Amino acid sequence: MTTVDLKYGKGHFEVNVPDENLAGIILPKELTGVKDEQAEIRRALESPIGSPKLREKVKAGMKVVVIISDATRPCPSYKFLPILLDEINAGGVPDKDITVVIALGSHRNSTPEEQKALMGPAYGRVRNVDHDRHDCKYIGTSSFGHRIEIFREVVDADFIVCTGNTEYHYFAGYSGGVKAVLPGCASHDTIEVNHAMMVSPKAETGRLDGPIRQEIDEVPGMLKIGFLLDVVLNSKKEIVAAVAGDVMKAHREGVKYVDSMYSVNVQKADIVITSAGGYPKDINMYQAQKAMDNCKHAVRNGGTMILVARCQECLGNDVFACWVDEATTIEAQARRMDEHFELGGHKASVIAKTAMKCEIDLISEIPEETVRKMFVIPAKSPQEALEDALKKHGPGAKVLVSPFGGMVLPKPLE
């Protein structure tokens with residue numbers, strides 16, 4: 001028997017898998033965290049990729065905006081913000097001329113406690129505001145014919161610094177880079193038309209040629225983004241690398257780190273057990289679904305996926321909740337996104353499409369009735385779900401475990 005630990009919120013579950021059934025544990029080929037995170041951030045800023053140093057690009061009199069991730073992301077902005085602000089100061093821009101914008105995308109506003117946690121020692125040093133998707137300016141039309149509208153405070157700034165963490169993303173290919181601006185600081189309509197392109201077969205994890213990422217990467221042609229600082233994290237949320245400089249070139253260097261750690265070849269299994277990765281990746285189903293989307297590549301058709309995700313904030317999006325509540329049949333829910341895309345509701349369609357491929361058992365705090373309306377089966381523990389799945393698939397069933405489902409992309413060999 002092999003015992004595997006699965007993160008659940010800020011706690012965990014253990015699951016015991018019979019050795020005769022265990023086909024493997026999908027683990028990242030992780031780099032260890034750097035010994036001195038502050039030194040790594042300074043190194044990246046001193047050696048920018050495809051760009052002069054930040055202190056050489058900003059000038060006295062400029063109004064500078066620094067964009068950071070919101071509380072649903074694991075990005076440790078509080079670790080690098082003080083150093084980044086010092087670097088901007090070194091270019092002649094005082095704190096009073098710097099604003100930190102929290103990129104919400106389509107997420108809820110930040111609480112005061114979350115803002116303090118995100119900013120860390122920089123809280124109170126500079127002004128910080130939440131992005132407002134209802135207060136945006138038109139900056140241009142993409143090659144896909146979409147109006148691109150970005151938060152007024154970002155557009156009106158003299159200099160924009162994007163920050164974030166680079167990891168796999170289930171329809172944008174990767175997070176990080178210009179994603180801080182689109183969807184991070186975009187209008188509701190712009191986010192919706194961008195995300196509607198997820199119906200494309202190219203809009204999937206680990207691809208840079210999908211339409212969503214292509215449109216995101218057109219933004220620097222419409223809005224001058226001065227600098228990027230992204231970090232790459234391991235499963236312990238330690239910084240393994242920082243990349244800085246040109247918003248496109250530096251991001252692509254971050255992508256190389258992600259691929260080297262989190263792309264794992266597997267043989268498909270009858271049963272896949274996964275965790276979204278604990279808090280904040282399982283703060284709600286809107287976030288935790290990304291683990292489901294990664295692991296669908298590892299489970300055979302007709303198999304069973306067991307997902308551990310606390311989801312203390314339930315579904316995490318009102319439109320998502322409406323679509324779930326309005327569900328009739330799994331087939332209709334799966335088609336609904338293709339027939340009429342609505343931001344938030346798309347999550348319900350994506351889950352239904354996965355549930356048509358395999359049974360999904362969910363261990364969470366979401367009410368059982370809501371879980372069933374997603375066409376997912378509520379379960380009390382991963383152990384109980386595994387035992388039921390083994391009865392269903394037989395004594396020879398093969399089991400894969402992916403403890404970091406939100407981070408790792410299984411690539412099937414067959």
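Is Met1 buried or exposed? That's where my notes on this one start.

1. Met1 comes out exposed, at a relative accessible area of 63%. Keep in mind that we're looking at a predicted model. Met1 sits in the segment ahead of strand S1, which covers 2–8.

2. Exposed or not, Met1 has company. Leaving aside residues up to four places away in sequence, Met1 touches Asn16, Val17, Pro18 and Asp19. Val15 is 14 residues from Met1 along the chain, and the C-alpha to C-alpha distance between the two is 9.8 Å.

3. His195 makes a nice contrast: this one is buried, with 6% relative accessible area. You'll find His195 in helix H6, which spans residues 188–195. Not counting residues up to four places away in sequence, the contacts of His195 are Phe171, Pro183, Ile212, Phe341 and Leu343.

4. On to the cysteines. How many disulfides does the structure hold? Zero. Take Cys136: the nearest cysteine sulfur belongs to Cys185 and lies 8.3 Å away, and Cys136 is in no disulfide. A pair would need its sulfur atoms within 2.5 Å to count. Cys136 is partly exposed, at 22% relative accessibility.

5. Cys295 is in no disulfide either; for Cys295 the nearest cysteine sulfur is that of Cys358, at 9.6 Å. As for its surroundings, Cys295 is buried, with a relative accessible area of 0%. If you're setting up a topology, the count of disulfides to enter is zero.

6. Now the overall fold. The protein has 14 helices and 20 strands. Of the contacts with a separation of 6 or more, 75% are between residues 24 or more positions apart.

7. What about the dimensions? For 414 residues, a compact globule would have a radius of gyration near 22 Å, and the protein's 21 Å agrees with that. Along the principal axes, the C-alpha atoms fill a box of roughly 70 × 45 × 40 Å.

8. Burial and surface go together here. Of the 414 residues, 59% are buried; His195 and Cys295 are both described that way, at 6% and 0%. The exposed area of the protein is about 15900 Å², and 50% of it is supplied by carbon and sulfur atoms.

9. Last, the charges. There are 50 positive and 57 negative side chains in the protein. The centres of those two sets lie 4 Å apart.

Notes:
Residues numbered from 1 in each chain as written. Predicted model: local features only at pLDDT ≥ 70, side-chain atom pairs only at ≥ 80, totals over all residues. Heavy atoms only, no water. Buried < 20%, exposed > 50% of the residue type's maximum accessible area, 1.4 Å probe, protein only. Helix = DSSP H or I, 4+ residues; strand = E, 2+ residues; numbered from the N terminus. Rg over C-alpha atoms; globule rule 2.2 N^0.38 Å. Contact = heavy atoms within 4.5 Å. Areas by Shrake-Rupley, 256 points an atom, 1.4 Å probe, with all protein chains shown as cover. Lys, Arg positive; Asp, Glu negative; His and termini not counted. Charge placed at Lys NZ, Arg CZ, Asp CG, Glu CD.
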